[in-house]
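Dear colleague,

Please find below the structure that I am handing over to you, with its sequence. My findings follow directly after it.

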Amino acid sequence: MNYITVENVTRAFADKVLFKDLSIGINQGQKIGFVAKNGYGKSSLLNIITRAEEPDSGNVSYRTGLRMAFLSQEPDLNPNMTIEEVILDSDVPTMKIIADYEHSMANPDDADMMQKALDAMDAANAWDFETKYRQILSKLRLDDLTQKVGNLSGGQKKRIAMAMALLSDPQLLIMDEPTNHLDLEMIEWLEAYFKQEDYTILMVTHDRYFLDRVCNEIIELDQGQLYTYKGNYSYYVEKKQERLEVEQTNQEKAQQLFKKELTWMRRQPKARRTKSKSRIEDFYQIKEAASNRRKDHQVELEINMERLGTKVVELHKISKSFGENHLIKDFSYNFLRGERLGIIGKNGTGKSTFLNMITGALEADAGKVVIGETVKIGYYTQNGMETKPGQKVIDVVKQYGEYIPLNKGKIISASQLLERFLFDNKKKHDFVEKLSGGEKKRLYLCTVLIQNPNFLILDEPTNDLDIPTLNVLENFLMDFPGCIIVVSHDRYFMDKIVDHLFVFNQSGNITDFPGNYSDFRAYVGNTDLALDKDTEEAAAALAVAPKAIAAPKADPTSGPTREQQKMLSRMENKIKQLEEQKKKLQDSFLDPEIHPDQMTENAIQLEKIKSQQEEAEMEWLELSEQIAAD
């Protein structure tokens, strides 16, 4: 059954054409993930489909009586209403009946009101819907419905909008970044809910696990063309790579044919009179195909990081409370060089408070935070960067200098640096307030990295970044030799970057779990044990988690400490990575088509890799000898 048909729609802004003559159909049962780079027109196409915008040309037709709900990135809710008033303001008559029933249950002494509410529930056959209503409000943690919307955080407003969308009982649900501002537990519940409910879905999201587990079809908008993949995100990644390889082969063939035909076309005018008219027409088609190169540009991340000393960051019995709310109790930890830490926990358990204490933005009530002399912290916050009204993009970067030092002794101008972060000449001189959400986050990331930190703190870094930029950021962080702390609801991102977790709960305890997020979920299973509010059971279960995963020791009083084990493991991983890089460079010399300049550069790089490998192996040997001596 067809719900929506999009025919030949075009959208452009000034001289930039986002897409032209696009056509798409949405049918019952499809769960479509819509992917594209930032600035390619994802949100514009969603707005056209939901009637928020008109296309410049083309047509969108809808099935008669179609119930459609749209969850936007930034919900537009009346700040003067309560949560309940906003939810009841929707166009679902059953909602008012359920609200009257809920009020009657809260006033059991009024028998007449309760009887009327029960009769209305029976007449509307609303009991199943009431169960769904309770479940959704509970899972989205919308408990106090009397709160004013204007007093709520962005995450709470997003949860209200999500509840409204789900409770409107739509046949087609369209969502723009549905997982933004939701915590991990809520995202996982939403995944399971969409699997069991019979929704037709069209969504834009950068959450790759969410795409993988919810969608049965991926549609990509790439350089003005739509490509459809009948499978989940993993299937899309595999098939897209195959498509790009075919495109590359076809383009190379077209270039070879173009050279041949160009020689033919350049013959003397006397010979040209005898040429086939159709062959001349074919030549111009071949020329177009040969020049149709992909315009792929990726963010280039590069910093000049100073080496960390032996003392990094030490936390000595720190505690923090706000009134009766004890967020952190008597917590101690020493960070090591190269540490990769992920932080998880429900909203309100003190994750941001913990980061602010490390950076010095917030003082501990008790205990102390000691920062090593060589440590330079780069803090990427949820709130983004502060800019002055009327400030231009280029001026934001120039605050840190006209020229920025990079690694290997290179220097780059502020303008050239912006080009590496995909800001063209026009964008460089735009006002910051004109940038999209993704562009602002990209600029913010640029300002954090150009300060050359060796201790990176990333609080929700994936919000508003497109998937290609996320891939570049992940690859950069995987090679980053300094320390990293990540707070993120993006499980795919966490799994690639971190090697252990701090699990926060609402009793103020923090547990160190050895492994990434998927390891953690595999350990706790489907019980939300570690993220429950304040149960002794949760604390006890997590306290034994490291023992359950780590290899047992015969004598607990001997052998390397856990910190020494972690350092050994990191050194071994580093040596392995350097060996792989060395082999890759050595193999490059066997390529008969390698350019001499590239060969020289690779030879220089190979010597550096060998030197780094020798240094890493010496550090590993010294630590091994130290452990043996202890």
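Which residue of strand 11 does Leu 315 stand opposite? The residue is Tyr 333. Please note that the model is predicted, and that everything below should be read accordingly.

**The three-stranded sheet**

Strand 10, which covers residues 313-322, runs antiparallel to strand 11, and 6 bridges join the two. They belong to an open sheet of 3 strands with the order 11-10-13 and antiparallel pairing. Strand 11 (325-334) and strand 13 (366-371) each have a single partner strand and stand at the edges, so one side of each is left without a neighbour in the sheet. On average, and with direction ignored, neighbouring strands here are turned by 20 degrees against each other. Helix 12 (residues 351-359) packs on this sheet and touches strand 10, strand 11 and strand 13. The direction of helix 12 makes about 130 degrees with that of strand 10.

**The six-stranded sheet**

A further open sheet is formed by 6 strands in the order 14-17-18-12-19-20, with mixed pairing. Its edge strands are strand 14 (377-380) and strand 20 (510-514), each of which pairs on one side only. Neighbouring strands of this sheet are turned by 15 degrees against each other on average, direction ignored. Within the sheet, strand 12 (residues 340-344) pairs with strand 18 (residues 483-487) in the parallel sense, over 4 bridges. Arg 340 has Ile 484 in strand 18 as its bridge partner. Helix 16 (residues 437-449) packs on the sheet, where it touches strand 14 and strand 17 (455-459). Between the directions of helix 16 and strand 14 the angle is about 170 degrees.

**Helix packing around helix 5**

Helix 5 (residues 127-139) and helix 6 (residues 154-167) have axes that come within 10 Å and cross at roughly 160 degrees. Because of that angle, helix 5 is roughly antiparallel to helix 6. The crossing of helix 5 past helix 6 is right-handed. On the side of helix 5 the contact is made by Phe 129, Lys 132, Tyr 133, Ile 136 and Leu 137, and on the side of helix 6 by Ala 163, Leu 166 and Leu 167. By class, this contact has 7 nonpolar residues, 1 charged residue and no polar ones.

Helix 5 also packs against helix 3 (residues 93-106), at an angle of about 75 degrees and with the axes 10 Å apart. Helix 3 is therefore roughly perpendicular to helix 5. Here Thr 94, Met 95, Ile 98, Tyr 101 and Glu 102 of helix 3 meet Trp 127, Phe 129, Glu 130, Tyr 133 and Arg 134 of helix 5. The residues of this contact divide into 6 nonpolar, 1 polar and 3 charged. Phe 129 and Tyr 133 take part in the contact with helix 6 and also in the one with helix 3.

**Confidence of the model**

The chain has a mean pLDDT of 81, and 84% of its residues reach 70 or more. Over residues 532-540 the pLDDT is below 50, and this stretch has 11 contacts in the model beyond near neighbours in sequence. Residues 542-558 likewise stay under 50 in pLDDT, and the model has 17 contacts for them beyond four places in sequence.

With kind regards

Terms used: Residues are numbered from 1 along each chain as its sequence is written. This is a predicted model: local features need pLDDT of at least 70, side-chain atom pairs count only at pLDDT 80 or more; totals for chains, interfaces and linings use all residues. Side-chain values use heavy atoms; hydrogens and water are left out. Axes are lines fitted to C-alpha atoms, for helices over the stretch in contact, and angles run from 0 to 180 degrees between N-to-C directions. Angles under 35 degrees count as roughly parallel, over 145 as roughly antiparallel, 65 to 115 as roughly perpendicular and the rest as oblique. A crossing is left-handed if the near helix is turned anticlockwise from the far one by less than a right angle, and right-handed if clockwise. Contact means heavy atoms within 4.5 Å. Ala, Val, Leu, Ile, Met, Phe, Trp, Tyr, Cys and Pro count as nonpolar, Asp, Glu, Lys and Arg as charged, and the others, Gly among them, as polar. Two strands pair if DSSP finds at least two bridges between them. pLDDT is the predictor's confidence in each residue, from 0 to 100.
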